[in-house]
Amino acid sequence: MRKPFIQFFFEVLSHFSLRFQYRLADVIAFFVRNTTNQLSRQVRENIALCFTGLGEAEQKTLYQESIRQTCYAMTELAAVWCWPVEKILAQVSSIDTCDEFEQSTRGRIILAPHLGSWETLVIWLGNNCNAMIMYKRRKNKAVDQFVKAARARSGGIPVPTKIHGLRKLLIGLREGNSLMILPDQQPSKSKAKIKAEFFGVSAPTTTLVHNLCSKVECDVFLASMQRSSPPGNFSLRIQLLDHVSLAEDEVGSAQYMNDQIELLVRSSLEQYQWGYRRFSENAYKAAK
């Protein structure tokens, strides 16, 4: 099978330092910020929607830094996906995990919102607890194989977001395995979802976490891998969430989860993926 261009590009870029990869991202960010494109439009919309109390200058600063961090997330994939596992993990200079995570003897759900370098978090979790990682198959088979192999090379187990994949997650959780979920994606039309507020705005929210917690006695954690300032290293943070709050009812579970994610995101607003169309279409229409 012919090597896809994205793989070739990242393999070439991986020969350079992480700092060089970020310098390239700064150049890309300059053009993204100063042209009209899908990413710049979406970041502006989300910031205007979520931060009505911020002045124009503050919104502009957040917009500029968000674009920069989004570009960092793109170029650093050269290191995260192509460097030897031990080399990328050596960049994790700070690890703050709770005792419950270290001492857990039952299944673990690890919620990893789109904050900082979540792809580095995938590598760390694969290396440290052979976590099952949910992923959406890509249409291009060669690209799909490259991404899946890159994420799995530290020991993680990619599981597709299909019915048989979800059954595998449930079985694995009951057997005491760890599972990583990106909880802040907007579910597709075919997936179960419920509306819950995120930064005060209505956001379609997955019910997967509630469904798993209501069926399995497990530990649930919120994790992030944030970039240092200046970027070059990563800081891992894992905190315990309340299983009962996530298992009781769908509405309360979704709101509790979004509230906890929001608290984490507020610790580093610029590193959150504001370029994602997270909210309901009605929320975007009402803001115009």
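**Reading exposure, cysteines and backbone angles**

User: Is Lys139 to be read as buried or exposed?

Analyst: Lys139 counts as exposed because its relative accessibility is 91%. The classes are buried (under 20% relative accessible area), exposed (over 50%) and partly exposed (in between), with a 1.4 Å probe and protein chains only. This is a predicted model, in which local features need pLDDT of at least 70 and side-chain atom pairs count only at pLDDT 80 or more, while totals for chains, interfaces and linings use all residues. Residues are numbered from 1 along each chain as its sequence is written, and side-chain values use heavy atoms, with hydrogens and water left out.

User: Where is Lys139 found?

Analyst: Lys139 belongs to the loop that joins β3 (132–135) to α9 (141–152). Helices (H or I, at least four residues) and strands (E, at least two) are DSSP runs, numbered from the N terminus.

User: How many disulfides does the structure hold?

Analyst: In general, a disulfide is a covalent bond between the sulfur atoms of two cysteines. The criterion applied is a pair of cysteine sulfur atoms within 2.5 Å. The structure holds 0 disulfides. Cys98 is in none, its nearest cysteine sulfur being that of Cys129 at 12 Å.

User: Why is Cys129 without such a bond?

Analyst: The closest cysteine sulfur to that of Cys129 is in Cys98, and 12 Å is too far for a bond. Cys129 counts as buried because its relative accessibility is 13%; Cys98, at 15%, counts as buried.

User: Which residue that is not a glycine has a positive phi of about 45°?

Analyst: Most residues other than glycine have a negative phi, and most peptide bonds are trans. Asn130 departs from the phi rule, with a value of about 45°. Asn130 occupies the loop between α8 (118–129) and β3, and its relative accessibility of 47% makes it partly exposed.

Phe199 has a positive phi of about 55°, although it is not a glycine. Phe199 sits in the loop from β6 (193–198) to β7 (201–206), where a relative accessibility of 6% makes Phe199 buried.

User: What is the omega of the peptide bond from Ser229 to Pro230?

Analyst: Omega is near -5°, and the bond from Ser229 to Pro230 is cis. Pro230 has its place in the loop between β8 (219–227) and β9 (234–240).

User: How is Thr75 placed relative to Val143?

Analyst: Along the chain, Thr75 and Val143 are 68 residues apart, and their C-alpha atoms are separated by 16 Å. Thr75 is part of helix α4 (residues 56–75) and is buried, with a relative accessible area of 4%.
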